[in-house]
Amino acid sequence: MKILDETSRTLNEYLLVPNLTTEDCTPGNVDLSAPLVRHRLGEQSPIRIAVPLVSAIMGAVSSPRMTISLAQCGGLGFIHHNQPITAQAEMVSNVKQHKAGFRHSDINIKPTATLGEVARLLRAAERDIAAVTDDGTPHGTFLGLISTRDFHPKRHDLNDSVESRMQPAKSLVVADPSISLSQANAMIWDNRLDVLPVVADNGRLESIVLRRDYELHKTFQNETIDSDKRFRVGAGVNTHDYKERIPALVRAGADVLCIDSSDGYSVWQRNTLQYVKGEFGDQTPIGAGNVVDGRAFRYLADAGADFIKVGIGGGSICITRDQKGIGRGQASALIDVVTERDAYAKETGVYIPICCDGGLLSDYHMAIAFALGTDFIMLGRYFARFAESPSKLVRVNGQLFKEYWGEGSQRARNWSRYDQGGEQHLVFEEGVDGYVPYAGSMYDTVTMTIAKLKATMISCGSTSLRAFHENAVLVPVSHQSYLQNTAEIQLRDRPSDPGQ
C-alpha cells in the first residue's frame with residue numbers, strides 16, 4: 001500500500017492571479033491553437049486545431065452534424081464506437097464528404113413524399129430546408145428545394161405532395177461542381193440566396209453551399225480541414241474489436257483515432273497502440289487514456305500514444321468514483337501528468353499533447369485546465385446541450401432539455417469501454433441517464449467561450465496557451481473564498497421588451 005501525501009483537488013479549487021497586461025495582450029493577438037498529436041520539439045504537430053475543444057466519444061454527443069459544426073469552429077469531433085463497425089465507418093465517411101464551404105446535403109426527400117413527412121423531417125433535424133431529389137438521397141437527381149417558408153402546417157394540407165409546394169430546380173440558381181468557394185459565395189450574395197445547390201452535368205446533386213457557412217467562416221476563420229479542404233474527423237475505438245474496427249475507420253477517412261476507456265493504464269491499450277503503429281505507422285495517429293498520474297502517462301507514451309487523455313470519474317455523467325472508488329481530482333491529475341509530459345519531452349525530444357477530459361463544469365474551469373498545462377479539452381455535457389448534438393430535444397415542466405446519458409449507463413451499455421468481467425454487457429452502471437438544459441446552436445456559445453478564454457489569458461499577460469501555462473500564477477481557494485464567490489442574491493426581474 002502507498003498513500004500519496006497530497007489532497008485530491010478539483011479545478012474548482014484554484015483561482016488565477018493576474019499578471020501584467022501589456023500592449024500586445026489584445027483579443028486579436030491571442031492564439032488558442034493547440035497541437036493534437038505528438039511531434040518533435042521545435043517542429044509543428046502534424047495536426048493542430050485552432051480552437052482547443054473536442055467532443056466526447058459519446059452517443060449523446062458526437063454525430064456527423066456535431067463533428068462538422070465543431071470542425072467549422074476550429075475544433076474536432078470524435079465519432080463514438082458504441083455501434084456496429086459499418087455504422088461508425090459510415091458516419092466518418094459522411095463527415096469526410098464535406099469540404100469547407102461545400103456541404104454534403106444531409107436533409108433530402110422525394111417529391112412524392114407528403115408535406116407532413118417533410119415537416120416531421122425538418123422538425124426532427126431542427127432545420128428549415130431540404131433538398132428534393134428523385135430518390136430522396138444526397139446525390140440523386142436534383143429536382144428542387146422545399147423550406148418552412150414554402151408551406152405552413154396550419155394552412156396547407158399535409159397530405160399534399162412535396163412537389164406541390166417545392167421550389168423547382170428550373171426556377172433556382174444552381175452552380176457547376178467546378179465552382180470555387182469564393183465564386184459560390186459571390187453567387188449567394190449577388191442572388192440573395194440562403195442555399196446554393198451544386199449540380200453536376202447529369203443533373204445529380206453534388207453538394208450545397210450555405211450563406212450561414214460563409215458567416216461562420218468569417219467568425220471562426222480557421223476550420224479544421226485536411227490537405228484536400230475536407231473537414232477532419234476523429235473516431236473512438238476500443239481494445240476488443242480494434243483489428244476489425246480500425247482498418248474500416250481508416251478506409252472511411254478518419255484523421256485521428258482515440259482508444260476510449262475509463263482506465264487507460266492497461267496492457268490492452270498498449271497492445272492496441274502497437275497494432276496501429278505496426279499496421280499503419282505514423283499515418284494514423286491514435287490517442288489513449290484515460291489516466292490520472294505520471295506513471296500511466298509514461299506507459300502509454302512509450303507504447304506509442306499520440307496524445308493522452310487525463311481524467312477518471314470527474315465527468316458530470318460519470319459515477320466511476322462512486323461505484324469503484326477509483327479516480328483523482330482533475331487538477332491534481334493534470335499537475336502530475338503535465339509534470340511527466342514535460343519531463344518526457346526533455347528526455348526524448350518528443351512532445352505528447354494532453355487532453356483534459358472531465359471536471360469542466362464552467363468556462364473558467366477550462367481556463368484553469370489550460371493554465372495547469374493541458375493542450376486541449378474534451379467536453380461531453382457542454383456539447384450535449386446544443387441543437388447539433390444527436391440526442392432528443394424534450395420538454396420537462398415547461399423547460400426545454402436535451403437528453404444526455406453516460407456511456408457507462410444502462411441506456412448506452414457500452415461494455416467495451418469498461419472492464420467489469422461481464423461477457424459483452426455491463427455488470428453495474430458507471431454512468432447515469434438524464435437531461436441537460438437546451439442551449440440552442442453551439443456556434444453562439446462556442447464564440448462566448450472563446451471570448452472568455454481570451455479575456456482570462458489577457459488578464460494573465462499571455463497570448464498563447466503555452467505562454468499561459470508557463471506564466472500562470474494560481475492560488476488554492478479556501479472554503480470561505482468559495483462561499484464568497486457563490487453567495488446568492490435575488491435578481492431583479494428585467495423589464496419586458498416593449499417590442500414584444
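**Exercise 1. Find how strand E16 is joined to strand E18, and place both in their sheet.**

Solution. Step 1: strand E16 covers residues 308-310 and strand E18 covers residues 354-357. Strands here are DSSP runs of E with at least two residues, helices are runs of H or I with at least four residues, and both are numbered from the N terminus. This is a predicted model, in which local features need pLDDT of at least 70, side-chain atom pairs count only at pLDDT 80 or more, and totals for chains, interfaces and linings use all residues. Residues are numbered from 1 along each chain as its sequence is written, and side-chain values use heavy atoms, with hydrogens and water left out.

Step 2: E16 and E18 run parallel and are joined by three bridges; two strands count as paired if DSSP finds at least two bridges between them. Ile308 has Ile354 in E18 as its bridge partner.

Step 3: the open sheet has eight strands in the order E5-E19-E18-E16-E15-E14-E13-E6, and the pairing is parallel. E5 (53-55) and E6 (78-79) are the edge strands; each has a single partner strand, so one side of each lacks a neighbour in the sheet.

Step 4: look at E15 (residues 286-291), the strand that holds Asn290. The peptide bond from Gly289 to Asn290 is cis, with omega near 10°.

**Exercise 2. Describe the open sheet of four strands and the pairing of E8 with E9.**

Solution. Step 1: the strand order is E7-E8-E9-E10, with mixed pairing. Strands E7 (108-109) and E10 (167-168) form the edges, and because each has a single partner strand, one side of each is without a neighbour in the sheet.

Step 2: E8 (residues 129-133) and E9 (residues 142-147) are antiparallel and share five bridges. Ala131 is bridged to Leu145 in E9.

**Exercise 3. Which residues line the largest pocket nearest its centre, and which elements supply the lining?**

Solution. Step 1: the pocket holds about 870 Å³ of space. On a 1 Å grid over the protein atoms alone, a pocket is an open set of points where a 1.4 Å probe fits, with protein on both sides within 12 Å along at least five of seven lines; lining residues have an atom within 4 Å of a point.

Step 2: the lining has 37 residues, and Asp128, Ile129, Asp194, Val195 and Leu210 lie nearest the centre.

Step 3: at least two lining residues each come from helix H1 (64-73), E8, E9, E11, strand E12 (205-210) and H5. H5 gives the largest share, five residues.

**Exercise 4. Locate Arg192 and Lys229, and decide whether each is buried or exposed.**

Solution. Step 1: Arg192 sits in the loop between helix H4 (181-190) and strand E11 (195-199). Its phi is near 55°, a positive value in a residue other than glycine.

Step 2: Lys229 is in the loop between helix H5 (211-220) and strand E13 (234-237). Phi of Lys229, another non-glycine residue with a positive value, is near 65°.

Step 3: relative accessibility is 74% for Arg192, which counts as exposed. Lys229 has a relative accessible area of 54% and is exposed. The cut-offs are under 20% for buried, over 50% for exposed and in between for partly exposed (1.4 Å probe, protein chains only).

**Exercise 5. Where does Tyr364 lie, and how accessible is Tyr364?**

Solution. Step 1: Tyr364 belongs to helix H11 (residues 363-372).

Step 2: its relative accessibility is 38%, so Tyr364 counts as partly exposed.

Terms used
Grid points are joined across faces, edges and corners, and a volume is the space filled by probe spheres set on the points.
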